[in-house]
Structures are given as structure tokens and as C-alpha cells.
Amino acid sequence: MATVEILSAGAARTVTGSAHHVRFDEARVLLDCGLFQGGSALQRRNRQPFPFEPGALDAVVVSHGHLDHVGRLPLLVRQGYDGPIFATAATRKIAEVILHDAAGLQQEDYRRALRRARRAGREDEVEEPLYDEHDVARTLARFRPLAMDRASQVAPGVRALLRPAGHVLGSATVELEGGGTRLTFSGDLGNRESPLQAPAELPRECDVVLVETTYAERNHRSRAATEEEFQKILRSSLARGGNVLIPTFALERSQAVLYELRRLMTSGALPQVPVYLDSPMATRLTHVYENGDNEFRPEVQALLDAGSDPFAPPGLEFTVDTEASKAINDVTGGAIILAGSGMMTGGRILHHLKHNLWREEASVVVVGYQASGTLGRSLVGGAQRVHIFGEEIRVRARIHTIGGFSAHADHDDLRTWLAGTGDAEVFLVHGEPEVMDAFAVELRADGRVVTSPELDRPYQR
Ligand SMILES: [Zn+2]
């Protein structure tokens with residue numbers, strides 16, 4: 001086996017900022033180029049230079065469109081990368097929505113910080129946005145589509161093979177082969193019981209594998225139990241007459257919840273009430289999903305093929321402009337409202353929380369992970385009073401949490417997928433350190449050689 005060098009510039013001993021630099025002899029390939037998200041210490045890392053020369057890369061291959069996998073691409077282009085960015089066609093479409101949104105948010109934050117700094121006479125202390133719309137446009141122009149299950153040359157002497165990862169629309173695992181070494185990168189692997197995506201295809205045997213470990217320490221609740229719980233909570237919430245708020249992430253979770261609502265409403269298990277998708281980004285992404293091409297579970301694909309929309313419950317309304325969004329404030333009961341952000345840290349969901357949390361007939365149904373320090377975590381933790389836009393709100397609505405809606409592989413999914421890689425040396429990435437360390441112990445007990453790479457440190461194999 002020839003040498004290969006792996007250098008993680010993100011998602012090393014953390015779950016965010018996925019970016020792995022792989023060097024085969026002379027060819028240099030970057031796998032993902034994601035944004036660090038989370039607290040300010042993590043966000044600062046986005047401003048640190050890449051631990052490699054962007055202009056010296058031969059190719060970038062992207063596993064899927066989540067911001068923590070594509071969000072630093074415009075920075076890479078801004079810093080001199082002018083080669084191809086390989087990804088599935090669906091990932092390119094998702095990245096377009098996600099990157100434009102990211103550039104817009106950065107501009108907004110920048111202008112707000114600037115206004116504040118002017119009043120304090122400290123304009124020169126405000127940091128410029130990481131990138132702008134122009135950088136995003138230049139980045140999107142570099143994308144080259146790669147079909148699933150067909151190997152193509154991506155760099156001198158290096159071939160790439162994408163396989164469905166079952167995580168979000170367009171998501172892929174990436175197999176690179178160069179100089180006699182085969183390296184497989186999991187990207188993010190899906191939950192085998194995803195309502196929308198078929199399970200990940202198993203990898204071939206390889207020499208080195210980089211595998212995500214987001215939920216390596218747990219197994220998810222079954223889909224049947226999750227659907228049962230979702231239906232029960234929605235029925236009882238609607239019966240109480242109030243609005244039902246569902247804070248959602250724009251990519252995948254919104255579409256999965258819309259799909260479940262459609263299924264329950266068309267089968268008569270739930271009454272057909274108005275459903276608002278109050279998020280311009282989730283609306284755009286739902287339209288990308290509606291045009292998905294043979295990438296869903298057969299029952300989802302069958303609906304698309306028959307000309308019906310799997311992501312449209314009967315009373316669905318997309319509210320894109322702010323006037324339409326504000327008009328929902330007049331609806332005091334009987335509607336289901338999906339809005340971001342998923343952890344209730346910003347976005348339109350805050351307006352809906354302000355108008356509904358104090359009503360005892362209202363409900364909030366939490367379907368995603370809530371990090372500590374977020375409003376979502378406070379509500380799930382039973383807070384009696386919260387502050388929204390500087391106003392104190394008494395929490396009288398019922399707060400429900402449904403844990404089973406994960407788009408990520410659980411422990412058993414990861415073990416099944418890893419088994420396909422034979423006795424490849426394992427690099428654990430994209431996880432919390434404690435979770436990785438426990439998983440490493442388990443894999444070593446099976447005789448695997450395991451490394452949890454440190455950020456910005458090269459490893460030769
Ligand atoms: Zn992801």
C-alpha cells in the first residue's frame with residue numbers, strides 16, 4: 001500500500017466543520033469544506049487559515065449539502081481554489097440554497113454589529129463577513145455533477161465513487177482510490193429507518209475509512225414507535241384547540257415532518273387542518289425535494305411518479321414574504337406551524353412562540369436536537385418563563401419532545417456500515433470526544449486499528 005496522508009481541517013474531535021485533506025502521492029483532494037457551527041470558540045475557527053494551500057488542491061469532493069459540510073467552500077474559493085467541486089446534482093441544488101442563506105445571514109449580522117459599533121464609536125472592531133453573494137456565485141460555478149455508483153477520475157491518478165448515504169437528499173459516501181490505496185469517507189450516514197431515504201449502501205473493503213460518530217453511543221427509537229407517538233401528540237394537541245408549533249431545521253426535518261403530516265391526514269388519522277411552512281429556506285428546499293430524482297424510498301418515489309406531492313399535506317401553505325408570515329399571528333387555534341430555527345435561537349419561530357407560548361391550549365412539538373444554552377433546551381427542560389425579543393413570556397403551552405426523528409445513523413447503523421469496510425484502519429470523525437473514545441474502545445476490542453485525528457495534524461498511512 002502506497003502512503004496516503006490525512007489531515008483533518010474540521011470535524012476532528014468535534015461534530016462540526018467537516019473538512020478532510022487527503023494526499024495521495026502528488027494528488028491533493030479535499031473531502032467536504034464545512035462551516036464550524038456552535039459557540040463562539042468554534043465559530044472563530046472559521047477565520048483561521050486552512051492548514052493547507054487552497055490553490056494547491058486538485059479537487060474537492062462534497063458528501064452532502066448541510067452547512068457544516070459545505071459552508072466554508074466560498075472561503076476556499078476566495079482564498080484561491082479554482083478547481084472542480086464534485087458532488088451529486090441534488091447536493092449542488094441544496095448547497096445553492098444553503099450557501100445563499102449563509103451569505104445573507106452573515107451580511108445581516110455584519111450590518112447589525114456595525115450599527116451597534118457606530119453608536120459606540122468602534123466601527124473598526126467589527127469583523128467583515130466571511131464571504132458574500134459574489135463568492136457564493138463563484139463557488140457554485142465550480143460544481144461538477146457526479147452520478148452515484150459510477151467511478152470517475154477527479155484528480156490525477158485518483159478516482160472517486162459516490163454511493164447513497166441515506167442521510168438527506170443527494171447525500172453520498174465517498175470512496176477515493178489512488179496510488180493503490182482505497183480510502184472511504186462516510187460523510188453523514190442516515191438512519192436506516194428514515195421515512196424518506198433508503199438506507200445507506202454498504203461500502204467495499206478498503207484500506208482506510210473515515211467514519212462519522214455523531215450518535216455512535218446510542219440506538220434510536222424505532223420508526224413505528226416514533227410515528228405512533230407523533231400521531232398521539234398531534235391528535236391530543238389539536239383536540240385542545242390551540243396552535244401546534246413545530247420548530248424545524250430547514251433541510252430534511254421539515255420535509256420528513258411534512259411527509260408524516262400528509263400521511264396521517266390523508267389516511268384520516270389526523271384532522272385536515274391548515275399547515276404553514278413559515279420559512280423561505282425550508283420552502284426552497286422542499287421544492288428541491290419535490291424534484292428529487294429516484295433517490296427516495298420506493299413509497300415516496302411512487303407518489304412523485306404518480307404526480308402527487310409527498311411533502312404537501314392537504315392544507316399546506318408556504319409563507320415566504322414577511323407579511324404572510326405576520327398574518328399567521330392572527331390564527332389563534334387549530335393550525336400546525338412549522339418554522340425555523342430548529343433550536344429556537346432565531347428566525348420566525350420566535351414570533352410564533354411569543355404569540356402562542358402563553359396560551360394554555362397551544363402546544364410545541366420538538367422534533368430535533370436542542371443544544372444546551374438554547375431557548376429550545378430551556379423549554380424542553382421545563383422553563384416556566386422565557387424571554388423573547390426582550391419580553392417576558394409565561395410558558396403555559398404544552399411542550400412535547402419526540403426523539404426518534406433523527407437523520408443520522410445510530411450505533412447499530414454505524415456498525416453495520418463499518419463491517420463492509422473489512423479490516424480497514426478506522427479514523428473516527430464528526431463526533432463528541434467522549435462518544436468517539438467509547439466507540440474506539442469497542443472497535444479495538446474487535447481488532448480494528450483506530451485513530452481519532454486531532455485538528456490540523458497530518459497522519460500518514
Ligand atoms: Zn449532515
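In this predicted model, the second largest pocket has a lining of 14 residues, and Thr 88, Ala 89, Ala 90, Asp 293 and Glu 295 are those nearest its centre. The space in this pocket is about 190 Å³. Helix α4, residues 89–120, gives the largest share of the lining, 3 residues. By class, the lining of the second largest pocket consists of 8 nonpolar, 3 polar and 3 charged residues.

Closed space is also present. The count of cavities of 30 Å³ or more is 2. In the largest cavity there is about 110 Å³ of space. Its lining has 17 residues; Glu 193, Pro 195, Gly 404, Phe 405 and Ser 406 lie nearest the centre. Helices α6 (223–239) and α7 (253–266) each contribute at least two residues to the lining of this cavity. The lining of the largest cavity divides into 4 nonpolar, 6 polar and 7 charged residues.

The table sets out the two spaces.

| Space | Volume | Lining residues | Lining by class |
|---|---|---|---|
| Second largest pocket | about 190 Å³ | 14 residues | 8 nonpolar, 3 polar, 3 charged residues |
| Largest cavity | about 110 Å³ | 17 residues | 4 nonpolar, 6 polar, 7 charged residues |

The metal site comes next. Four residues coordinate the zinc ion, at 2.2 to 2.3 Å: His 64 through NE2, His 66 through ND1, His 167 through NE2 and Asp 188 through OD. Along the chain, the spacing of these donors is H-x1-H-x100-H-x20-D. His 64 and Asp 188 link distant parts of the chain, being 124 residues apart: His 64 sits in the loop between β4 (59–61) and α2 (67–70), and Asp 188 in the loop between β10 (181–185) and β11 (208–212). His 64 and Asp 188 are both buried.

The angles among the 4 donor atoms of the zinc ion run from 93 to 163°. Four donors count as tetrahedral if all angles lie between 85 and 135 degrees, so the upper value of 163° rules that class out. The site is irregular. For reference, the ideal angle for four tetrahedral donors is 109.5 degrees.

A hairpin is the last feature. Strands β7 (residues 152–155) and β8 (residues 158–164) pair in the antiparallel sense, with 3 bridges. Ser 152 has Ala 160 in β8 as its bridge partner. Between the two strands of the hairpin there are 2 residues, and Gly 157 takes a positive phi near 75°.

Methods
Residues numbered from 1 in each chain as written. Predicted model: local features only at pLDDT ≥ 70, side-chain atom pairs only at ≥ 80, totals over all residues. Heavy atoms only, no water. Pairing = 2+ DSSP bridges. Helix = DSSP H or I, 4+ residues; strand = E, 2+ residues; numbered from the N terminus. Donors = N, O, S within 2.8 Å, 3.2 Å for Na, K, Ca; no water. Tetrahedral: all angles 85-135°; square planar, octahedral: opposite > 155°, others 65-115°. Buried < 20%, exposed > 50% of the residue type's maximum accessible area, 1.4 Å probe, protein only. 1 Å grid on protein atoms, 1.4 Å probe; cavity = no way out; pocket = protein on both sides within 12 Å on 5 of 7 lines; lining within 4 Å. Points joined across faces, edges and corners; volume = space filled by probe spheres on them. Nonpolar A, V, L, I, M, F, W, Y, C, P; charged D, E, K, R; others polar.
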